[in-house]
Amino acid sequence: MNYQETVNWMFKQLPMYQHQGKSAYKVDLSNTLLLAKHLNHPQRFFKSIHIAGTNGKGSTSHMLASVLQEAGYKVGLYTSPHLKDFRERIKINGKEVSKQFVIGFIKRNLSFFKQNELSFFEMTVGMAFDYFSKQKVDIAIIEVGLGGRLDSTNIITPEVSVITNIGFDHTQFLGTTYQAIASEKAGIIKPNIPVVIGETQKETKDVFINTAKKNASEIYFADQLVTQNFKSDLKGSYQKHNIKTVVQSIKVLNTQKRFKISDNELIQGLKNVTKNTTLKGRWQVLQEQPKIICDTAHNKEGLTYVMRQLGEEKFDALHMVFGVVNDKDLDSILPILPIHARYYFCKPDIPRGMDVNKLREKFVSNGFKGQCYMTVNEALNSAKQNSKAEDLIYVGGSTFVVAEII
């Protein structure tokens with residue numbers, strides 16, 4: 001198989017959550033542990049930082065990787081989902097894993113994958129860990145895919161565990177209360193490993209404190225401890241929380257004597273995230289006149305920050321290119337969205353994408369105005385045609401909507 005055939009084969013294996021949804025969720029780590037054993041436990045041969053949370057874990061992962069790169073370390077970065085190419089998920093110092101490694105890894109382990117019916121995500125985690133081990137990274141930043149306790153990444157023993165925040169997302173797996181979701185995310189807290197919590201929330205604070213206590217883990221609430229303001233090239237207003245989380249995580253890492261990151265390296269790392277890691281889709285300005293902004297925020301908490309920042313922009317008219325996945329709780333996000341904007345409804349090109357007519361119907365019945373388009377690009381082109389130079393176009397609602405126009 002060539003590279004594209006290899007990736008296509010992976011996508012077709014036991015369901016890929018991003019595409020299929022609930023049927024892809026696994027209830028234990030037995031497959032991942034089996035794979036790790038088959039690969040000679042690659043996760044034991046590199047140091048790591050483990051990052052969970054409802055929002056901000058991708059940005060936080062990229063910021064941490066950037067800071068550690070500035071400090072001269074060889075840094076692995078594992079994140080999901082990808083926007084354009086599968087290889088975005090696995091990087092070292094901002095450089096994507098080679099096509100040859102992807103092809104070779106699947107080819108070498110193909111019979112094992114088939115025999116044990118491994119899922120797309122399990123194979124990908126195994127690939128990342130194998131790559132980081134073989135490339136002898138100094139440290140790898142590992143982003144949780146979904147939840148924490150049962151996520152395939154949760155076989156590592158990191159230097160520090162990080163939980164950014166808790167919000168309502170993936171409630172069909174993780175629970176319908178903040179406390180239940182926090183318990184799942186707290187599953188990444190390991191015995192005697194310090195944990196950094198990004199945002200203190202009264203509903204979840206005790207869950208984290210109690211889990212940390214049970215594990216004899218020191219716990220740090222970043223928003224209460226970091227008072228200095230740092231700037232980043234990631235311009236979303238919501239990044240201020242992620243920056244504090246990163247600053248506190250670096251402080252904890254520095255106390256362990258295995259790593260040494262100076263204040264200047266921290267500052268430079270935060271300022272050069274996109275250059276160092278090639279992160280895209282976070283409050284990204286695609287053009288001016290009319291200004292086009294895209295953002296991957298897709299749930300109530302994330303969209304609240306983004307819509308607030310959108311409200312601070314100066315424009316004559318607002319055009320919203322908007323699509324979601326079919327398990328999205330629209331009732332939770334409709335009150336946040338600007339009702340006087342003109343909407344261009346679209347369906348991201350994945351099986352999980354919400355039918356565009358169903359999406360428009362829900363919006364229109366709540367007083368919004370807009371038209372349906374067959375593809376994201378059609379919607380964006382129409383928005384451009386209908387916009388004047390002083391207008392603003394926003395593209396979002398789902399990572400998969402943003403992926404199609406970047």
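Contact, as I will use the word this morning, means heavy atoms within 4.5 Å. Please keep in mind that what you see is a predicted model, in which local features need pLDDT of at least 70 and side-chain atom pairs count only at pLDDT 80 or more, while totals for chains, interfaces and linings use all residues. Residues are numbered from 1 along each chain as its sequence is written, and side-chain values use heavy atoms, with hydrogens and water left out.

Let me start with helix α3, residues 30–38, where helices (H or I, at least four residues) and strands (E, at least two) are DSSP runs numbered from the N terminus. Which residues of α3 are buried, that is, under 20% relative accessible area with a 1.4 Å probe and protein chains only? They are N31, T32, L35 and A36, and because they cover an arc of only 135 degrees around the axis, they sit on the same side of α3; the arc is that of the directions from the helix axis to the C-beta atoms. The cover over these buried residues includes α5 and α6.

Take α6, residues 120–134, as the first partner. N31, T32 and L35 of α3 meet E122, M123 and G126 of α6, and by class these residues divide into two nonpolar, three polar and one charged, where Ala, Val, Leu, Ile, Met, Phe, Trp, Tyr, Cys and Pro count as nonpolar, Asp, Glu, Lys and Arg as charged, and the others, Gly among them, as polar. The two helices pack at an angle of about 35 degrees with their axes 10 Å apart, the axes being lines fitted to C-alpha atoms over the stretch in contact, and angles running from 0 to 180 degrees between N-to-C directions.

Turning to α5, residues 99–116, its axis and that of α3 come within 12 Å and cross at roughly 155 degrees, which means that α3 is roughly antiparallel to α5, a term used for angles over 145 degrees. On the α3 side N31, L34, L35 and H38 take part, and they meet N109, F112, F113 and N116 of α5; this contact has four nonpolar, four polar and no charged residues. Just after α3 comes N40, whose phi is positive, near 65 degrees.

Finally, consider α17, residues 376–385, whose buried residues are V376, A379, L380, S382 and A383. Seen down the axis, they fall within an arc of 160 degrees, so they line one face of the helix. They pack against the strands β10, β11, β12 and β14, and also against helix α18.

Definitions and conventions. Parallel < 35°, antiparallel > 145°, perpendicular 65-115°, else oblique. Buried < 20%, exposed > 50% of the residue type's maximum accessible area, 1.4 Å probe, protein only.
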